[in-house]
Amino acid sequence: MNEFIKIKGLEGDLKISHKKRDFGLTVSTKELVFQKPHANYHIKLEDIISILPYEPPSGVRPITFQKSGASGSETVSMHSGMPHYRLYVKEATVHNRSGIFQLDGAQFVLPILRDLLLAISQYGGLKSFT
C-alpha cells in the first residue's frame with residue numbers, strides 16, 4: 001500500500017496541492033514539497049536555481065529507475081502524458097521513516113502541471129526565459 005508520510009511543518013501558506021497514486025506535489029508561499037510513498041522532499045522556493053522542461057528521448061517506453069545506497073533506496077517512474085521538468089536546487093530536506101536528512105546541490109525530474117508551475121514561479125520569484 002502506498003501510504004504518504006504526512007507533511008509536517010509546511011512553511012508559508014498553502015496555495016495548491018496535487019496528489020496522484022504514486023506522488024504528490026504541494027506548493028506554499030515558501031516551499032515545494034514533493035511527496036512519494038515513504039518520503040517527502042522539502043524544497044524552499046528560494047533554493048530553486050532553475051526549472052527546465054525535460055523531454056525523454058523520443059520512442060522510449062515509460063521508464064523506471066531503481067537506486068540503492070547507504071541512504072536507502074529510491075524508485076522513480078516516468079510516464080508520458082504529463083509534462084516533466086528538471087529542477088536544480090541548492091539544497092533540499094528529505095523526511096522519511098528513518099529521519100530527516102539534508103541534500104546539497106540536488107536535481108529532480110518531476111511531472112508538474114501548469115497550475116503548480118505557475119504557483120512555483122510566482123511565489124519563488126522565478127522569471128521565464130524563452
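Phenylalanine 34 and tyrosine 41 are both buried, where buried stands for under 20% relative accessible area, exposed for over 50% and partly exposed for anything in between, with a 1.4 Å probe and protein chains only. The two rings also make an aromatic pair of the stacked kind, at 5.8 Å centre to centre and 25° between the planes. Rings of Phe, Tyr and Trp (its six-membered ring) pair if their centres lie within 6.5 Å, with planes under 30 degrees apart taken as stacked, over 60 as edge-to-face and the rest as tilted. Tyrosine 41 pairs with phenylalanine 108 too, this time edge-to-face, at 5.6 Å centre to centre and 70° between the planes. Tyrosine 41 sits in strand β4 (residues 39-44) and phenylalanine 108 in strand β9, so this pair ties together parts that are 67 residues apart in sequence. Tyrosine 41 has a relative accessible area of 9%, and phenylalanine 108 is buried at 9% relative accessibility. That makes two aromatic pairs in the structure, and Phe34, Tyr41 and Phe108 join up as one aromatic cluster.

All of this comes from a predicted model, in which local features need pLDDT of at least 70 and side-chain atom pairs count only at pLDDT 80 or more, while totals for chains, interfaces and linings use all residues. Residues are numbered from 1 along each chain as its sequence is written, and side-chain values use heavy atoms, with hydrogens and water left out. The mean pLDDT (the predictor's confidence in each residue, from 0 to 100) is 82 for the protein, with 79% of residues at 70 or more. The pLDDT drops below 50 over residues 70-75, a stretch that has twelve contacts in the model beyond near neighbours in sequence; a contact here means heavy atoms within 4.5 Å.

As for the overall layout, the protein has one helix and nine strands, in the order β-β-β-β-β-β-β-β-β-α from the N terminus. Helices (H or I, at least four residues) and strands (E, at least two) are DSSP runs, numbered from the N terminus. Of the 130 residues in the protein, 32% are buried. Among contacts between residues at least 6 apart in sequence, 50% join residues at least 24 apart. The exposed surface comes to about 8,600 Å², with carbon and sulfur atoms supplying 51% of it; these areas follow the Shrake-Rupley method with a 1.4 Å probe, and for residues only the protein chains shown count as cover.

Strand β2 has a partner on either side of it in sequence. With β1 there are five bridges in an antiparallel arrangement, and the two strands make a hairpin with four residues between them. Strands count as paired if DSSP finds at least two bridges between them. Isoleucine 16 has valine 27 of β2 as its bridge partner. On to β3, β2 pairs over four bridges, again in the antiparallel sense, and the hairpin that joins them runs through two residues. Here threonine 26 is matched with valine 33 of β3. Five of the five residues of β2 are buried, so the strand is largely enclosed by the rest of the structure. Gly24, Thr26 and Ser28 point one way, Leu25 and Val27 the other.

Further along the chain, β8 (residues 84-96) and β9 (residues 99-111) run antiparallel and are joined by twelve bridges. Two residues lie between them in this hairpin, and histidine 84 stands opposite proline 111 of β9.

The largest nonpolar core has 23 residues, and those with the most contacts inside it are Leu25, Leu32, Phe108 and Ile112. Such a core is a set of buried Ala, Val, Leu, Ile, Met, Phe, Trp, Tyr and Cys residues joined through side-chain atoms within 4.5 Å. At least two residues of this core come from each of β2 (24-28), β3 (31-36), β4, β8, β9 and α1 (114-124), and β8 gives the most, with five. Leaving aside neighbours within four places in sequence, leucine 25 has contacts that include Ile16, Leu32, Phe34, Leu110, Ile112 and Leu116.

Isoleucine 5 belongs to the segment before β1 (14-19) and, at 14% relative accessibility, counts as buried. Beyond its neighbours within four places in sequence, isoleucine 5 is in contact with residues including Gln35, His38, Ala39, His95 and Arg97. Isoleucine 5 and histidine 95 are 90 residues apart in sequence, yet 8.3 Å apart in space, C-alpha to C-alpha.
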